[in-house]
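This report describes a single protein chain, beginning with the pairing of its strands and ending with the chain as a whole. Please keep the sequence and the model in view while reading.

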Amino acid sequence: MLADKLRPFLDRYDEISSLLSDPNIVNDIEKMTKLSKEQSSLEEIKNTAKNYLKTLDDIEENRALLDDSELGDLAKEELKNAQIRKEELENEIKILLLPKDPNDDRNIFLEIRAGTGGDEAALFVGDLFNAYIRYADAKGYKFEIVSQSEGSVGGFKEVILLIKGKGAYSRLKFEGGTHRVQRVPETESQGRVHTSAVTVAIMPEVEDSEVQINPNDLRIDVMRSSGHGGQSVNTTDSAVRITHIPTGIVVTNQDGKSQHKNKDAAMKVLKARLFEMQEAERLEKEMKDRKEQVGTGDRSGRIRTYNFPQNRISDHRINLTLYRLDAIMTAGLFDEIIDPLITHAQSEALLEAGL
């Protein structure tokens, strides 16, 4: 029975409330923080569970009054409404009972790189970057540019954003992959449609203690900053390039005005990339014997096409096509694609869990 599955969550919430008032824990900041985070994560299911249990009580009370000569008609109407509410709450609870992605509440590094298509790909990196900025702004997320490398005619060869906000990863984790664009480049005199591509990677921001790096595995080079972000410091060796020798991962940063800041920023991105590799290996092991669901970051897979002549945006993983490309890009309305992706992933998970 669904009500029985909810009891452990309610009991744990009450247990944490008691622990948070324990003098021994109040003085332990680390335990207090951990328990507060756990309680916060249980808040939604606790509130929904209480509504559900109250609705079950309402159903029983109204059933008992159906034969009452004075209250029978009212009880019949109330019973009908309560049963509708019960079904709605059951659907919500089933989703809340699904195993939660441990990274869902993290901030993210969003990396966009130009792929095939040369200058046109770099220009689209700029367009996609601006659209994601508008999306983040609309969601109330804070963001900052961690690293950027400008294209020769505009846009970016590569740009990395740090997006901060509760649920940033949960909303944007399905954006990882290859994004294909079809449009007439400004430099095209014949009016022919060109196809180019960019890759997007979504990497959770991690605490320093979560990824251990042996200093002997790093090669750190310093150099003169150049171009955008480095013009005021290009007389000093402030740009930093870090190479992680075992994996071959290279991270370069020159946006800060000091070598120290650039090194810190580069290390954060390096740790995020190493964590992303660990997560990819973990997911691959978990999904070996399971039906593949919506991808969460494989850069090699083509996930979406942006066709400007037809004003069409298509997500190939769920066969979703919208003829609102201009509005989505101009206003950053990615929820029109993200919401169906999340619903699809939840439906697949519910089927697998037998809920």
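## Strand β4 and its partners

In this predicted model, strands β4 and β9 run parallel and are joined by five bridges. Within that pairing, Q182 of β4 has N307 of β9 as its bridge partner, and β9 itself covers residues 302-307.

β4 also pairs with β5, but here the two strands run antiparallel and seven bridges join them. T178 marks one position in this second pairing, its bridge partner in β5 being T199. Strand β4 spans residues 177-183 and is mostly covered, since six of its seven residues fall under 20% relative accessible area and therefore count as buried.

## Strand β1 and the link through β5

Strand β5, residues 194-204, pairs with β1 in the antiparallel sense over seven bridges. In that pairing R113 stands opposite T199, the residue of β5 that is also the bridge partner of T178 in β4. T199 is thus a convenient point from which to follow the sheet, with R113 opposite it and T178 as its partner in β4.

β1 has a further antiparallel partner in strand β3, residues 156-164, and six bridges make up this pairing. L110 illustrates the register, as its bridge partner in β3 is L161. Strand β1 itself, residues 108-114, is mostly covered, with five of its seven residues buried. As a general point, side chains in a regular strand alternate between the two faces of the sheet.

## Two asparagines with positive phi

Which backbone angle sets N311 apart, given that it is not a glycine? N311 has a positive phi of about 55°, and it is placed in the loop between β9 and β10, the latter covering residues 312-315. Most residues other than glycine have a negative phi. The relative accessibility of N311 is 23%, which means that it counts as partly exposed.

N319 likewise is a residue other than glycine with a positive phi, in this case near 55°. Its place is in the loop between β10 and β11, where β11 covers residues 320-322. Is N319 buried or exposed? With a relative accessible area of 71%, N319 is exposed, because the cut-off for that class is over 50%.

## The annotated coiled-coil span

An unreviewed UniProt entry carries the annotation "coiled-coil region" for residues 42-92. In the predicted model this span is 86% helix and 0% strand, while the C-alpha atoms at its two ends lie 14 Å apart.

## The chain as a whole

The secondary structure of the chain comes to nine helices and 11 strands. Taken along the principal axes, its C-alpha atoms fill a box of roughly 90 × 60 × 40 Å. Of the 355 residues, 42% count as buried, and among contacts with a separation of 6 or more, 62% are accounted for by residues 24 or more positions apart.

The accessible surface of the chain comes to about 19900 Å², and 48% of that area belongs to carbon and sulfur atoms. As for charge, the chain has 49 positive and 62 negative side chains, and the centres of these two sets lie 5 Å apart.

Conventions. Residues numbered from 1 in each chain as written. Predicted model: local features only at pLDDT ≥ 70, side-chain atom pairs only at ≥ 80, totals over all residues. Heavy atoms only, no water. Buried < 20%, exposed > 50% of the residue type's maximum accessible area, 1.4 Å probe, protein only. Helix = DSSP H or I, 4+ residues; strand = E, 2+ residues; numbered from the N terminus. Pairing = 2+ DSSP bridges. UniProt positions renumbered as here; feature names shortened; annotations may be inferred. Contact = heavy atoms within 4.5 Å. Areas by Shrake-Rupley, 256 points an atom, 1.4 Å probe, with all protein chains shown as cover. Lys, Arg positive; Asp, Glu negative; His and termini not counted. Charge placed at Lys NZ, Arg CZ, Asp CG, Glu CD.
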